[in-house]
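Got a few minutes to look around a protein? Here's a quick briefing to read with the structure open beside you.

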Amino acid sequence: MNRLKGKTAIITGATAGIGMKTAELLAAEGVNVILTGRRKARLEEIAETIRNKYGVEVETAAFDIQDSKACESFVESLKGSVDILVNNAGLAKGTDPVFDASFDDWDTMIDTNVKGLLYLSRLISPLMKKRNAGHIINVGSTAGHESYAGGVVYSATKHAVKAITESTKKDLHGTNVRVSMVSPGLVETEFSEVRFYGDKEKAAKVYKGMKPLVAQDIAEIIVFIANRPDHVNIMDTIIYPVSQSSATMVHRDE
Ligand code: NAP
């Protein structure tokens, strides 16, 4: 049953990977989508494809989610109400240990994964609360459930996403606003390329000899969560590829 047709969703980080696929699958259900990310040309290209293929309304907003003022201007520019906010924009930078990592990488991860997600939640949640309707879906990670060596700050940011999801649900207790999270394991997107500063070879090694998740696997779950009846609030879903059992247990063919 499609309960999503005619709704409006903001998807942050819609220029690639999980966000891009989520935007497409929501549009396929008849959801009007508002796509955000920093790469303007890519946003417009994706918007055009979705518009032509699914006939829904598509808007784009190119801004850096680390910039609170830009987030405010974006929300002020919205023309109608928002039913679904998919807080997906995020990244990892580096795999250096705590005694060797760069402050810049830490700032980028914290400012994007934690503060960016908070800014949009802060700005959109009062609108949802006022309408007594809406759904915030945060993209966490298995790294928000398990910390690993080389992921000191990435893991911390995703543990923060888990905490933010739980607190947001409690802050909105007694309203009809739903708050959910998805926690994926290894998904082959641009994620590893970004993590390794554009080194494609190093990024490819992450998925070598195993079958990782693809963006579609996670996007389908996000759509499933959004499409539950109004009284059903899925809090979290942990999704691994079958060949992964923890952050470091990854079975690879020789
Ligand atoms: P991806 O392909 O690299 O996509 C990341 C998206 O985030 C891009 O659209 C990017 O857009 C956007 N973004 C990054 N920094 C931003 C900023 N400062 N302002 C606005 N947008 C920004 O990676 P992905 O795998 O789809 O990642 C999506 C989410 O899933 C992230 O939160 C990530 O932590 C999470 N996740 C990924 C995996 C995985 O293995 N891939 C596993 C667990 C969780 P622009 O570059 O255009 O700004």
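Let's start with S243: setting aside neighbours within four places in sequence, S243 is in contact with M210, K211, M249, V250 and H251. You'll find S243 in the segment after β9, the strand made of residues 238–239. S243 has a relative accessible area of 15%, and buried means under 20%, so S243 counts as buried. Keep in mind that this is a predicted model.

**Around the ligand**

- The ligand has 29 residues around it, and T15, R38, N88, Y154 and T189 come nearest.
- Sorted by class, that shell has 12 nonpolar, 12 polar and 5 charged residues.
- Two helices, α1 (17–28) and α5 (152–171), each supply at least two residues of the shell.
- Want some polar pairs to look for? An N or O atom in the side chain of T15 sits 2.7 Å from an oxygen atom of the ligand.
- With G13 it's the backbone that takes part: one of its N or O atoms lies 3.0 Å from a ligand oxygen.
- Q66 pairs up with a nitrogen atom of the ligand instead, at 3.5 Å from an N or O atom in the Q66 side chain.
- How much of the ligand does the protein bury? Taken alone the ligand exposes 870 Å², and the protein buries 96% of that.

**The nonpolar cores**

- The largest nonpolar core has 34 residues, and the members that touch the most others are I11, L26, V33, L35, I50, I218 and I222.
- Several elements each give this core at least two residues: the strands β1 (8–11), β2 (32–37), β4 (84–87) and β5 (135–139), plus the helices α1, α2 (40–54) and α8 (215–226).
- Which element gives the largest share of this core? That's α8, with 7 residues.
- Try clicking on I218: leaving out neighbours within four places in sequence, I218 is in contact with I18, V182, P184, V187, L213 and I239.
- Apart from this core lies another one, of 20 residues, with I10, L78, V82 and I124 among them.

**Two more buried residues**

- V187 is in strand β7, which covers residues 187–188.
- Is V187 buried or exposed? Its relative accessible area is 8%, and the cut-off for buried is under 20%, so V187 is buried.
- Beyond its neighbours within four places in sequence, V187 is in contact with I18, Y207, L213, V214, A215 and I218.
- V187 and Q216 are 29 residues apart along the chain, and their C-alpha atoms are separated by 9.5 Å.
- S125 is in helix α4 (residues 103–131).
- At 16% relative accessibility, S125 falls under the 20% cut-off, so S125 counts as buried too.
- Neighbours within four places aside, S125 is in contact with L120 and I136.

**Two residues with positive phi**

- N132 has a positive phi of about 55 degrees, although N132 is not a glycine.
- Where is N132? Look in the loop between α4 and β5.
- N132 has 34% relative accessibility, and partly exposed runs between the 20% and 50% cut-offs, so N132 counts as partly exposed.
- Y197 isn't a glycine either, but has a positive phi of about 55 degrees.
- Y197 lies in the loop between α6 (191–195) and α7 (200–206).
- With a relative accessible area of 49%, Y197 is partly exposed, because exposed means over 50%.

Terms used:
Residues are numbered from 1 along each chain as its sequence is written. This is a predicted model: local features need pLDDT of at least 70, side-chain atom pairs count only at pLDDT 80 or more; totals for chains, interfaces and linings use all residues. Side-chain values use heavy atoms; hydrogens and water are left out. A residue is near a molecule or strand if one of its heavy atoms lies within 4 Å of it. A polar contact is a pair of N or O atoms within 3.5 Å; within protein, one must be able to donate a hydrogen and the other to accept it, and residues adjacent in sequence count only if both atoms are side-chain atoms. Accessible areas come from the Shrake-Rupley method with a 1.4 Å probe; for residues, only the protein chains shown count as cover. Helices (H or I, at least four residues) and strands (E, at least two) are DSSP runs, numbered from the N terminus. Ala, Val, Leu, Ile, Met, Phe, Trp, Tyr, Cys and Pro count as nonpolar, Asp, Glu, Lys and Arg as charged, and the others, Gly among them, as polar. A nonpolar core is a set of buried Ala, Val, Leu, Ile, Met, Phe, Trp, Tyr and Cys residues joined through side-chain atoms within 4.5 Å. Buried means under 20% relative accessible area, exposed over 50%, partly exposed in between (1.4 Å probe, protein chains only). Contact means heavy atoms within 4.5 Å.
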